[in-house]
Amino acid sequence: MEHPNMGDGLSTFLNSGIYQFENSNAVFIDPVRVMNRSYTHFQVSPSAYYPRFFESKALAQESRVSSSSSRKRKRKEKKPHSLNDREKAAEQRHQEARPFLLKAHKCLLRATALLELMSNMRSDSESLQECGDLVSPSVPQQSFVELGQDWHAPFYEIILDFHQYEKLNVDKGSMIMQYSEQKVHPLFNNLVLNETGDDVEAEFLSSRFVIPRKSCFLMSDLEQIHSLIPAESCCGFNLIVVDPPWENGSARQKSRYPTLPNRYFLSLPIKQLTHADGALVALWVTNREKLRGFVEKELFPAWGVTHVATFYWLKVKADGSLINDLDLFHHRPYECLLLGHCHREAMDSECLSKFKPVQHNQIIISIPGAYSRKPPIGGLLPEYFPGFKPTRCIELFAREMTSGWTSWGNEPLHFQDLKYFNRNG
């Protein structure tokens, strides 16, 4: 039976992209709706964001039958395997998280009105009615990683097209006048800002990109990140989201993006980027036990971060089913978000008292986008640093941008390509 406030929940979801389940530590988010709050003249295209997990029921059934029979064949051929110490530790973590994940998934399956909306979230029809014509795809996307390593890199420039609108009164009514201004910036190793209240188009090598309002990016390698360290600690960041390209056999196999050795991340200047009053650090990690041990024993101590909570991103298909069996050992249908507090000085009880306690084992449910693309989590976290105004947020190893945020990495414009957007009418 649906909760009587279901209508209110859906109304909030349609506006915000975030659905809070009643009496639960779980939320469902639609990244497209969440990200569209960053734009005025453009909208993220649902069909471009969701390339997977919207197969028809017939195809899904056929896929399940095929994969099931394949697994059965493999089980017959497989020899009994005893877990090593790391695998036992990983299994223990999984068993601790399992009840929270199952409860969250049951909440989703009971929300029938939300499930109905989910099945249509990939459709551009709703967006196009609101936004106008679909933007024509741009030319094939360049590899920013390769371009940044090219000797031409210091000479590459990006052109930002700023449009200003002015309402003029004339004899028979009013008329909107448009004024255009272009600004040229070095693309690499340079902070590129859009300080206006509107999103703007940018051009680089015949490709066009969308830059959200009140945002900026620095496209560089690790050596240049120190230029983001503020001269005054009161200008530091309150929220630091980190999505490292961890070494991963699957990522290498798919050749989606270059990965880096774990020790590379030890030198990230997290403490220097932190606001004088402290910061909430959110780190995306895989389920590999070796990586979790590295983060807990080496990485967080090197950054000066105290781990306070773990969130889980539970991945589902458009019909609400999990993308993989929950107990599939090497392919869990979830990833972890480790949250910690960081302060410029040594952490003590006084520092910790400035932070609101973070509820452990919260579940974020969503349909995944492109490979390794994480859902936008900024809107879920402000309550945990309520005293910091205005909030300053940064994403490290970003592959897209958010209004009001600073984005750093060697490809922060990857998902800002115009082909991922629809244009407002």
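**A hairpin, an open sheet and one cavity**

Leucine 205 takes a positive phi near 50 degrees in the hairpin of E7 and E8, where two residues sit between the strands. This hairpin belongs to a predicted model. Its two arms, strand E7 (residues 200–204) and E8, run antiparallel and pair over five bridges. One of the matched pairs puts glutamate 201 opposite valine 210, its bridge partner in E8. Strand E8 (residues 207–211) is mostly covered, with four of its five residues buried.

Stepping back to the whole chain, the protein has 425 residues, and 48% of them count as buried. Its secondary structure comes to twelve helices and 17 strands. Links across the sequence are common here: taking contacts between residues at least 6 apart in sequence, 74% join residues at least 24 apart.

Eleven of the strands make up an open sheet with mixed pairing, and the order across it is E1-E2-E14-E12-E13-E11-E10-E15-E16-E9-E6. At its edges are strand E1 (18–20) and strand E6 (191–194), each of which pairs on one side only. Going from strand to neighbouring strand in this sheet, the average turn is 20 degrees, with direction ignored. As a general point, strands of a sheet pair through backbone hydrogen bonds, and they do so either parallel or antiparallel. At the E1 end, the pairing with strand E2 (residues 26–29) is antiparallel and takes in three bridges. Tyrosine 19 has phenylalanine 28 as its bridge partner in E2.

Two helices can be placed against this sheet. Helix H5 (residues 85–110) lies across E2, strand E12 (305–315), strand E13 (334–342) and strand E14 (362–366), and runs at about 50 degrees to E14. Helix H11 (residues 289–303) also packs on the sheet, where it touches strand E10 (239–242), strand E11 (279–285), E12 and E13. The direction of H11 makes about 155 degrees with that of E11.

Aspartate 85 is part of helix H5. Is this residue buried or exposed? Aspartate 85 has a relative accessible area of 64%, and it counts as exposed because that value is over the 50% cut-off. From aspartate 85 to glutamate 289 is a step of 204 residues in sequence, yet the two C-alpha atoms are 9.6 Å apart in space.

Asparagine 238 gives another picture. This residue is found in the loop between strand E9 (215–219) and E10. Its relative accessibility is 0%, so asparagine 238 counts as buried. A polar atom of the asparagine 238 side chain lies 2.6 Å from the backbone nitrogen of arginine 392.

Glutamine 43 lies in strand E3 (residues 42–44). Why does glutamine 43 count as buried? Its relative accessibility is 13%, and buried means under 20%, so glutamine 43 falls within that class. The side chain of glutamine 43 also makes a polar contact of 3.5 Å with that of asparagine 36.

Finally, there is the matter of enclosed space. The count of cavities of 30 Å³ or more comes to one. The largest cavity holds about 40 Å³ of space. Its lining includes Met35, Tyr39 and Val44, together with Arg373, Glu400 and Met401. Phe415, Gln416, Tyr420 and Phe421 also line this cavity.

Conventions:
Residues are numbered from 1 along each chain as its sequence is written. This is a predicted model: local features need pLDDT of at least 70, side-chain atom pairs count only at pLDDT 80 or more; totals for chains, interfaces and linings use all residues. Side-chain values use heavy atoms; hydrogens and water are left out. Buried means under 20% relative accessible area, exposed over 50%, partly exposed in between (1.4 Å probe, protein chains only). A polar contact is a pair of N or O atoms within 3.5 Å; within protein, one must be able to donate a hydrogen and the other to accept it, and residues adjacent in sequence count only if both atoms are side-chain atoms. Two strands pair if DSSP finds at least two bridges between them. Axes are lines fitted to C-alpha atoms, for helices over the stretch in contact, and angles run from 0 to 180 degrees between N-to-C directions. Contact means heavy atoms within 4.5 Å. On a 1 Å grid over the protein atoms alone, a cavity is a set of points where a 1.4 Å probe fits but cannot get out, and a pocket is an open set with protein on both sides within 12 Å along at least five of seven lines; lining residues have an atom within 4 Å of a point. Grid points are joined across faces, edges and corners, and a volume is the space filled by probe spheres set on the points.
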